[in-house]
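Colleague: Could you take me closely through one part of this model, and set that part against the chain as a whole?

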Amino acid sequence: MNISLILKISGIGILLGILHTILSKQGKEEYAHIATIAGVIIAFTMIMGIIGDLFDSVKTIFKLY
């Protein structure tokens, strides 16, 4: 597994935490929640390829077609 992907996802998490805190303090909770949801979607799209590779490996190992 690539360590850079883990670092990218953790960086996104840190930035989203800071952004959520700043927007919440300014009274813009709706925007804070939207930004958090957008960040989660971005992180999930980053790991979708790895999950697909995992399923392919499982199918290959157990000879499922």
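Modeller: What follows goes from the nonpolar surface patch to a buried residue and then to the whole chain. This is a predicted model, in which local features need pLDDT of at least 70 and side-chain atom pairs count only at pLDDT 80 or more, while totals for chains, interfaces and linings use all residues. Residues are numbered from 1 along each chain as its sequence is written, and side-chain values use heavy atoms, with hydrogens and water left out.

The patch consists of Met-48, Ile-51, Leu-54, Phe-55, Val-58, Ile-61, Phe-62 and Leu-64, which together have about 830 Å² of accessible area (Shrake-Rupley method, 1.4 Å probe, with only the protein chains shown counting as cover for residues). Phe-62, one of these residues, lies in the segment after helix H2 (29-61) (helices are DSSP runs of H or I with at least four residues, and strands are runs of E with at least two, numbered from the N terminus). Phe-62 is exposed at a relative accessible area of 59%, where exposed means over 50%, buried under 20% and partly exposed in between (1.4 Å probe, protein chains only).

Ala-32, by contrast, is found in helix H2 and counts as buried, with 0% relative accessibility. The C-alpha atoms of Ala-32 and His-20 are 4.7 Å apart in space, although the two residues are twelve apart in sequence.

As for the whole, the protein chain has two helices and zero strands, and 11% of its 65 residues count as buried. It exposes about 5300 Å², of which carbon and sulfur atoms supply 74%, and its C-alpha atoms fill a box of roughly 55 × 25 × 10 Å along the principal axes.

Note on methods: Patches are made of residues with over 30% relative accessible area and no salt bridge: like charges are joined within 9 Å, nonpolar side chains (Val, Leu, Ile, Met, Phe, Trp, Tyr) within 5 Å. A salt bridge is a side-chain nitrogen of Lys or Arg within 4 Å of a carboxyl oxygen of Asp or Glu.
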